[in-house]
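Dear colleague,

Please find below the structure that I am handing over to you. I would be grateful if you could keep it open while reading the notes that come after it.

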Amino acid sequence: MAPVLQFDSALHIVQTLREKGYESYLAGGCVRDLLLGREPADYDVATSATPGVVLKLFPRTFAVGAHFGVVLVADGEAVTEVATFRSDGAYSDGRRPDSVRYTLSAEEDVQRRDFTINGLLLDPLRAADSLGNPKALRRAAIDHVGGLADLDAGVIRAIGAPARRFEEDQLRLLRAVRFAARFNFAIEPQTLAAMRALAPKIATVSRERVRDELTKMLTEGRARRAFELLDATRLLAEVLPEIARMKGVEQPPQFHPEGDVWTHTLMLLEQLEAGASMTLAWGALLHDVGKPATFRIAPDRIRFDGHVEVGVAIGAEICRRFRFSNEETHQVLALIENHMRFGDVERMKASTLKRFFRLDRFDEHLALHKMDCLAASGNLDNWNFTSERFAAMPKETVRPAPLVTGRELIAAGYEPGPRFREILRAVEDAQLEGAIATPEEAMALVRERFGG
Ligand code: ATP
Ligand code: MG
């Protein structure tokens with residue numbers, strides 16, 4: 001949706017609330033993004049009006065989080081989150097406040113927010129003429145927490161006492177990493193120290209929420225920085241110990257001049273672009289996850305025999321732990337399972353190569369292989385060969401209509417049974433090799449090889 005529409009819709013909501021005598025502003029991530037000259041993903045309004053008032057004032061509303069003071073207001077295609085000024089009560093579970101207390105003070109409301117750059121308010125009526133001009137927009141900002149200075153300096157700083165803020169809500173540990181990576185900001189030293197001390201508490205956050213944060217880190221275009229920060233804050237060993245184990249696992253220098261498995265993995269993450277698919281991103285992260293467990297110094301060189309199979313097993317455990325869907329799991333595991341096959345492409349029989357191309361979303365296999373090469377020797381011969389063949393091969397060649405079916409075998413007098421699979425596979429092999437092309441040739445092959 002056009003960003004201007006979203007802004008206009010939020011502006012209209014603020015105007016309406018003010019006409020009724022309620023204080024209201026744009027708040028949180030959208031203010032931060034506007035001031036950074038980035039396009040906000042969504043707009044949030046903070047107001048002194050209670051959810052009951054907001055629900056009555058606008059024709060199309062959704063009381064999704066009215067209990068926590070949040071109402072969604074729809075206007076055409078734009079949906080704005082309207083939240084009542086509030087201060088959160090105690091957090092006994094480290095996830096959500098036990099109670100919320102509405103307040104009439106915007107200043108109190110921003111104190112409950114996580115980081116100073118997320119605690120800014122903006123008066124959209126004063127901002128409307130300066131959209132797209134971050135410098136001018138600053139004049140419409142209201143800053144109770146030092147967020148403007150931290151935006152300028154590039155700093156992620158907890159609002160208030162960092163340790164208390166992370167103890168209230170441990171998801172903030174991952175949010176700090178994500179924002180620092182996304183904006184390439186530094187984490188303020190006291191905030192960082194509190195994160196390191198409290199990292200083990202991330203275990204109280206649901207795995208789905210951890211997964212969603214990690215997926216965002218992997219697919220926002222600065223995955224390497226995010227994972228370096230996860231490591232620096234000790235969060236990596238808590239949420240993905242299998243990846244932390246890659247550190248210090250040496251590789252044969254003739255194939256991996258870049259260094260250990262961790263360095264190699266970081267070099268893949270560095271290549272993930274903003275908007276990368278989650279399966280490709282997790283596949284890149286996990287493709288060598290079997291290496292630490294299979295490391296061995298053989299007489300000739302360092303070897304990781306069986307790392308693909310071990311990697312698939314570890315990957316399956318990680319996908320299960322993070323409750324990936326079956327489809328996501330299938331693709332991530334396929335990426336791990338097939339990543340070494342590119343080494344053989346030039347020697348593959350035509351039938352094997354075509355069956356390789358039948359993998360779901362083969363473009364992701366190609367993309368992973370390219371990243372894998374660029375993070376090591378840099379030799380793209382196999383990638384070039386495979387991507388050219390793949391691009392040149394029409395779908396009907398990769399998966400041609402079968403020349404014979406089980407029904408025709410029965411009609412020809414063959415007894416149905418387990419042998420059918422073998423027969424049909426042999427026919428398909430010959431077809432993929434180009435040795436046969438017609439049903440008659442196929443039946444001739446069947447009679448010759450399987451009798452009857
Ligand atoms: P994104 O661009 O990823 O959406 P965001 O800052 O908009 O980033 P949201 O999760 O959309 O993040 O939340 C909107 C705002 O609500 C934040 O900017 C912050 O002020 C506040 N907020 C969100 N989650 C938390 C939290 N766990 N603790 C404290 N404040 C939070
Ligand atoms: Mg947001």
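The notes below take up the ligand site, the sheet, one helix and three loop residues in turn.

Please bear in mind throughout that this is a predicted model.

Ligand site

Ligand 1 is surrounded by 14 residues, and the closest of them are R32, N118, D169, R172 and R182. Three of these side chains can be described in further detail. In R32, an N or O atom of the side chain is 2.7 Å from an oxygen atom of ligand 1. R182 also faces an oxygen atom of the ligand, with a polar side-chain atom at 2.8 Å. For D169, the ligand atom concerned is a nitrogen, which is 2.8 Å from an N or O atom in the side chain. On its own, ligand 1 has 580 Å² of accessible area, of which the protein covers 78%.

The sheet

Seven strands make up an open sheet of mixed pairing, in the order β3-β4-β5-β2-β1-β8-β9. The edges are held by β3 and β9 (141-142); each has a single partner strand, so one side of each lacks a neighbour in the sheet.

Starting from the β3 edge, β3 (residues 61-65) pairs with β4 (residues 70-75) in the antiparallel sense over three bridges. Within this pair, F62 has L72 of β4 as its bridge partner. The two strands form a hairpin with four residues between them, and G69 in the turn has a positive phi of about 90 degrees.

The next pair, β4 and β5 (residues 78-84), is also antiparallel and is joined by six bridges. Here V70 stands opposite A83 in β5. This hairpin has two residues between its strands, and G76 in the turn shows a positive phi of about 60 degrees.

Further along the sheet, β1 (residues 24-27) and β2 (residues 44-47) are antiparallel and share three bridges. One of the pairings is between S24 and T47, the latter in β2.

Helix α19

Helix α19 comprises 13 residues (326-338) and spans 18 Å from first to last C-alpha, close to the 18 Å expected at 1.5 Å a residue. Its buried residues are T329, Q331, V332, L333, A334, L335, I336 and N338. Which elements cover them? The cover includes α16 (278-286), α18 (307-321), α20 (350-357) and α21 (362-374).

Three loop residues

Most residues other than glycine have a negative phi. Two arginines in this model have a positive phi although neither is a glycine: R234, at about 70 degrees, and R361, at about 45 degrees. R234 is found in the loop between α12 (223-232) and α13 (235-239), and is partly exposed with a relative accessible area of 46%. R361 lies in the loop between α20 and α21, and at 35% relative accessibility it too counts as partly exposed.

Is I436, in the loop between α25 (419-433) and α26 (439-450), buried or exposed? Its relative accessibility is 9%, which is under the 20% limit, and therefore I436 counts as buried. Beyond its neighbours within four places in sequence, I436 is in contact with L403, V427, A430, Q431, E441, A442 and L445. R389, by comparison, is 47 residues from I436 in sequence and 21 Å from it in space, C-alpha to C-alpha.

With kind regards

Technical notes
Residues numbered from 1 in each chain as written. Chains lettered and ligands numbered in written order. Predicted model: local features only at pLDDT ≥ 70, side-chain atom pairs only at ≥ 80, totals over all residues. Heavy atoms only, no water. Expected span 1.5 Å × (residues − 1). Buried < 20%, exposed > 50% of the residue type's maximum accessible area, 1.4 Å probe, protein only. Contact = heavy atoms within 4.5 Å. Near = heavy atom within 4 Å. Polar contact = N/O pair within 3.5 Å; in protein donor to acceptor, adjacent residues only side chain to side chain. Areas by Shrake-Rupley, 256 points an atom, 1.4 Å probe, with all protein chains shown as cover. Pairing = 2+ DSSP bridges.
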